[in-house]
Amino acid sequence: MITKSASRAGFAAGTVKRLFPGLADRRLHYLDSAATAQMPDCVFEALRGFEIEARANVHEGLHRRARAATEAYNGARAQAARFLNAYSDQEVVFTYGATSAINLLAHSFGTLMVAGDEILLSVLEHHSNLTPWQTLAAQRGIVLRFLPMTPEGRLDLEALESRITDRCRLVALTHCSNVTGAVTDVAPVVAAARSVGAKVMLDGAQHVAHSPVDVRALGVDFYAFSGHKAFGPTGVGILWGRAALLATMPPFMTGGQMVETVTLGSARFRPPPRRFEAGTPPIAAAIGLGAALDWMQGLDWNAIREHEARLTRSLLGGLASIKGVRILGPLDLRLRTGVVSFCMEHVSPEEVCIQLDRKGVALRGGYHCAQPLFEVFRARGAARASVALYNVDVDVDALLEGVQELANSRAG
Ligand code: PLP
């Protein structure tokens, strides 16, 4: 494992790659981690350990196994709280992914809003941080406003002042775009929101694979992400919220596990986080996610950032030098992660992916669940390569060779 102490010898992505059983095939150049990242050994071990030694339902169990399952599940909550630098474990709500976390917020926090209240979003949002608010707006007469983006695909924060009004109750923005890779400068957003008494939610789905999160330093009120993008299992995610806010929010889903008492006519709900975890939660997946987040916390993130930036620089430089390739996103490495979307003249994004797949390069192509963003770019989708900590130079080289060959074949 690349621990902080081992980091003095430098970051060796090749060594890290060996910790990922899903990347054992050397012919695979996995550049699709923005869609789903691979899982390290320790996550498989945590899943196996739970399924063999502690598989049982959580919370109300009175036997040994049920207690072990509950302990492991609560342990995962504590691991997530540490990863987020949360004030308390009780601020961590397990959901089924980022989408379900944002829907929870829209359906719960949303009920505290009234007609005419406003939510500030941006044109850069993934559909998961757009459509739940559209639904809420249609149901409750809430007004959605949108921050525009700069020509290079960053949030245009200069527009903050004109788009945020006294009626704004929530600013819900991506922490990092899944298309342009641009990282949001959160401080001015929080300052603008506070000036009108609005809360701030960050969609961290694309940020969590690139370093642990410090919700206190960010100063936000809610943070949502998916486990499978943070080297954990699919089917689990997290909504972090400040305890005082969660306490004011009604449940989104109701049922077992989240009630204190029930009569035929009514129910009294538990305090958060269990108020928001109706039914059997994704127990194994949460435990796997806890292991992934714990593992991440032991890494040297300065070294990883340098490593990812170096690969991203090669990727951007190489793509920019190929005739007919257009990069969607900022080129300044200080403003972005290694999520790199690009369009090729005369080749559809889907075809780029199919052709590159023949060379073992895994990419994603299309609208990336961000159709309004592509309207602004006037592009019919893009191919997207995304760099994670386990990628190595040969992954980037294989991509660039493939794109160059494709460009040559179409040119002549
Ligand atoms: N938000 C962003 C920025 C994303 O990139 C994604 C997934 O790609 C999501 C939200 C939704 O994540 P999930 O499908 O895991 O719920």
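Reader: What places a backbone N or O atom of A98 in polar contact with an oxygen atom of the ligand?

Author: The model is a predicted one. In it, the two atoms are 3.4 Å apart. A polar contact requires N or O atoms within 3.5 Å, and therefore the pair at A98 qualifies.

Reader: Which side chains have polar atoms at such distances from the ligand, H126 being one of them?

Author: The side chain of H126 places a polar atom 3.3 Å from a ligand oxygen. D203 has a side-chain N or O atom 2.6 Å from a nitrogen atom of the ligand. Of the 390 Å² of accessible area that the ligand has on its own, the protein covers 84%. The surrounding residues include T99, S128, N178, Q206 and K229.

Reader: Why is N103 called buried?

Author: Its relative accessible area is 19%. Buried means under 20%, so N103 meets the criterion. The residue belongs to helix α4, which spans residues 98–108.

Reader: What is in contact with N103, leaving out residues up to four places away in sequence?

Author: With those neighbours excluded, N103 touches P132 and F252. In addition, a polar atom of the N103 side chain lies 2.9 Å from the backbone oxygen of T99.

Reader: How do you know whether E277 is buried or exposed?

Author: The relative accessibility of E277 is 6%. Since the limit for a buried residue is under 20%, E277 is classed as buried. E277 is located in the loop between β10 (267–269) and α10.

Reader: What joins the side chains of E277 and Y73?

Author: The two side chains share a polar contact of 2.8 Å. Beyond residues up to four places away in sequence, E277 also touches R77, V92, V93, F94, G256, Q257 and M258.

Reader: Why is A247 called partly exposed?

Author: A247 has a relative accessible area of 45%. Partly exposed residues fall between the buried limit, under 20%, and the exposed limit, over 50%; therefore A247 takes the intermediate label. A247 sits in the loop between α9 (243–246) and β9 (259–262). Apart from residues up to four places away in sequence, A247 touches P272 and R275. Its C-alpha atom is separated by 25 Å from that of T131, a residue 116 places away along the chain.

Reader: How is the chain divided into domains, and how far apart are the centres of domain 1 and domain 2?

Author: Domain 1 consists of 5–40 + 300–406, while domain 2 covers 44–297. Their centres, taken over C-alpha atoms, are separated by 27 Å. Contacts between them involve 35 residues of domain 1 and 33 residues of domain 2.

Reader: How many residues make up the largest nonpolar core, and which have the most contacts inside it?

Author: That core has 85 residues, and those with the most contacts inside it are L84, V171, Y223, F231, L389 and Y390. Helix α10 (residues 283–297) is the greatest contributor, giving 11 residues. Domain 1 and domain 2 each supply at least three residues to this core. In soluble globular proteins, nonpolar side chains tend to be buried together.

Reader: With which residues is F231 in contact, leaving aside neighbours within four places in sequence?

Author: The partners of F231 include F20, A37, M39, P40, V43, A292, W295, M296, L389 and Y390. A second core, separate from the one just described, has 27 residues, among them L315, V325, F342 and L363.

Key
Residues are numbered from 1 along each chain as its sequence is written. This is a predicted model: local features need pLDDT of at least 70, side-chain atom pairs count only at pLDDT 80 or more; totals for chains, interfaces and linings use all residues. Side-chain values use heavy atoms; hydrogens and water are left out. Helices (H or I, at least four residues) and strands (E, at least two) are DSSP runs, numbered from the N terminus. Buried means under 20% relative accessible area, exposed over 50%, partly exposed in between (1.4 Å probe, protein chains only). Contact means heavy atoms within 4.5 Å. A nonpolar core is a set of buried Ala, Val, Leu, Ile, Met, Phe, Trp, Tyr and Cys residues joined through side-chain atoms within 4.5 Å. Domain bounds come from an automatic or database domain assignment. A residue is near a molecule or strand if one of its heavy atoms lies within 4 Å of it. A polar contact is a pair of N or O atoms within 3.5 Å; within protein, one must be able to donate a hydrogen and the other to accept it, and residues adjacent in sequence count only if both atoms are side-chain atoms. Accessible areas come from the Shrake-Rupley method with a 1.4 Å probe; for residues, only the protein chains shown count as cover.
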